[in-house]
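Biologist: Could you pick one part of this model and take me through it slowly? I'd rather have one close look than a quick tour.

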Amino acid sequence: MSSAVWRRNADVYKSSSEEKRPALRNQIWTNQLRREKQFEHKHHGDYIVQTDLLRPVHIRAEEQAEKGVRKKSEKEYKCRKAQRKQRVVLVASLHTQVTADVQAARVPSLRVEMALKLKGIEYEYIEEDMNNKSTLLLESNPVHKKVPVLLHNGKPIAESLVILEYINETWENGPSILPRSPYDRAMARFWANFLDDTCLPACMKAFLSEGEEQVKAKEEVQELLKFLDNELNGKKFFGGERIGFVDIAGNVLAYWCVIIAELVGIELITDDKFPHLCTWMEVYLNSSLIKEHMPDREKLADSLRARFQKTG
Ligand SMILES: N[C@@H](CCC(=O)N[C@@H](CS)C(=O)NCC(=O)O)C(=O)O
């Protein structure tokens, strides 16, 4: 039997009313069996599965495409699956061995992980291989192609600070990460951006330079850190009594920068110069949530050593 006949049968079936369908189905099936006696199987092999024939064509096409995708690449399939999820997926790099390049460190990913934990949001975690970026990452963050990316109901959000704000606005459960008043909120954004855009590049300059240049760069960083120290005067955390946006953004200063400064051999954040910043670091790093999720200090130092510690 030709495929045209089978298509016609399917069309008749689809356009028939619900009541007529059972009888029609029997008839089509009986005709098929009758005809199969006269025709060789292989001529219409694709159409002998009756249920397949009766399923709308577009659904069949989608299923086949999905099977194809699944066969083509398991990664690609996972990507489609993550994009369809009606839940929270964090695509990040938290467990891969940190490479010598500090950009590959897990600082921004950790920010998002902490915000999710702080709010008590359940999420699925996908570890990204930074040496072989997945389709999911490239499609979710086509501009920067960087982790972390948060997928919520299949929609991607990139940039750690943007994700933190999104988390805060989307889930009301758990403590608020940002202050409620618009002014305090604006200030929190200001200090987080100050950390990322001004302090960190200045720290990197101090870490990577040498001699006179390093002394000067260190002084420049310390001038900047005075602002943060002053901001913490009379407060437990940047946002007040509870860990919030700026504290989470400040992971990098409290942990990474302190370790790197030790490796490089410069005294950057000392008690006498920055008493409030030092107290904050101590309280923050010893809080249960942060303590639990910070990477192992020794391991982190090992992975940063190659890049930052001077030899000879
Ligand atoms: N400003 C970004 C920085 C993200 C970032 O630098 N991610 C690094 C790893 S932590 C990355 O994906 N690097 C890969 C690359 O540069 O190709 C954020 O805060 O999310």
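Modeller: Sure, I'll start with the sheet, then move on to some aromatic rings and a helix.

Keep in mind that this is a predicted model. The sheet is an open one, built from four strands in the order S2-S1-S3-S4, and its pairing is mixed. Strand S2 (124–127) and S4 are the edge strands: each has a single partner strand, so one side of each is left without a neighbour in the sheet. Going from one strand to the next, the twist averages 20 degrees. Helix H6 (residues 107–119) packs on this sheet, where it touches S1 and S3, and its direction makes about 155 degrees with that of S1.

Now zoom in on strand S3 (residues 149–152). With strand S1 (residues 88–92) it pairs in the antiparallel sense over four bridges, and Val91 is the residue standing opposite Val149. S3 also pairs in the antiparallel sense with strand S4 (residues 155–158), again over four bridges. Here Val149 has Ala158 as its bridge partner in S4, while His152 has Lys155. S3 and S4 make a hairpin with two residues between them, and Asn153 in that turn has a positive phi of about 55 degrees.

What about the side chains? In a regular strand they alternate between the two faces of the sheet. You can see that in S3: Val149 and Leu151 point one way, Leu150 and His152 point the other way, and all of them are buried.

On to the rings. Searching the whole structure turns up nine aromatic pairs. In one of them, Phe190 and Phe194, the ring centres are 6.4 Å apart and the planes sit at 10 degrees, so the pair is stacked. The cut-offs matter here, since centres must lie within 6.5 Å and stacked planes must be under 30 degrees apart. Both of these residues belong to helix H9 (residues 182–208), and they are four residues apart, or about one turn of the helix. Their surroundings are not alike: Phe190 is partly exposed, with a relative accessible area of 45%, whereas Phe194 counts as buried at 11% relative accessibility.

Phe194 also pairs with Trp191, but this time edge-to-face, at 5.4 Å centre to centre with 85 degrees between the planes. Trp191 and Phe194 are three residues apart in helix H9, so about one helical turn separates them. Trp191 is buried too, with a relative accessible area of 11%. Add Phe227, and you have one aromatic cluster made of Phe190, Trp191, Phe194 and Phe227.

H9 turns up again when you look at helix H15 (residues 297–308). The buried residues of H15 are Leu300, Ala301, Ser303, Leu304 and Phe308, and what covers them includes H9 and helix H12 (251–264). At the start of H15, a side-chain oxygen of Asp296 comes within 3.1 Å of the backbone nitrogen of Glu298. The length of H15 works out as well: at 1.5 Å a residue its twelve residues should span 16 Å, and the end C-alpha atoms are 15 Å apart, which agrees.

Note on methods:
Residues are numbered from 1 along each chain as its sequence is written. This is a predicted model: local features need pLDDT of at least 70, side-chain atom pairs count only at pLDDT 80 or more; totals for chains, interfaces and linings use all residues. Side-chain values use heavy atoms; hydrogens and water are left out. Rings of Phe, Tyr and Trp (its six-membered ring) pair if their centres lie within 6.5 Å; planes under 30 degrees apart count as stacked, over 60 as edge-to-face and the rest as tilted. Buried means under 20% relative accessible area, exposed over 50%, partly exposed in between (1.4 Å probe, protein chains only). Two strands pair if DSSP finds at least two bridges between them. Axes are lines fitted to C-alpha atoms, for helices over the stretch in contact, and angles run from 0 to 180 degrees between N-to-C directions. Contact means heavy atoms within 4.5 Å. The expected span of a helix is 1.5 Å times one less than its number of residues. A polar contact is a pair of N or O atoms within 3.5 Å; within protein, one must be able to donate a hydrogen and the other to accept it, and residues adjacent in sequence count only if both atoms are side-chain atoms.
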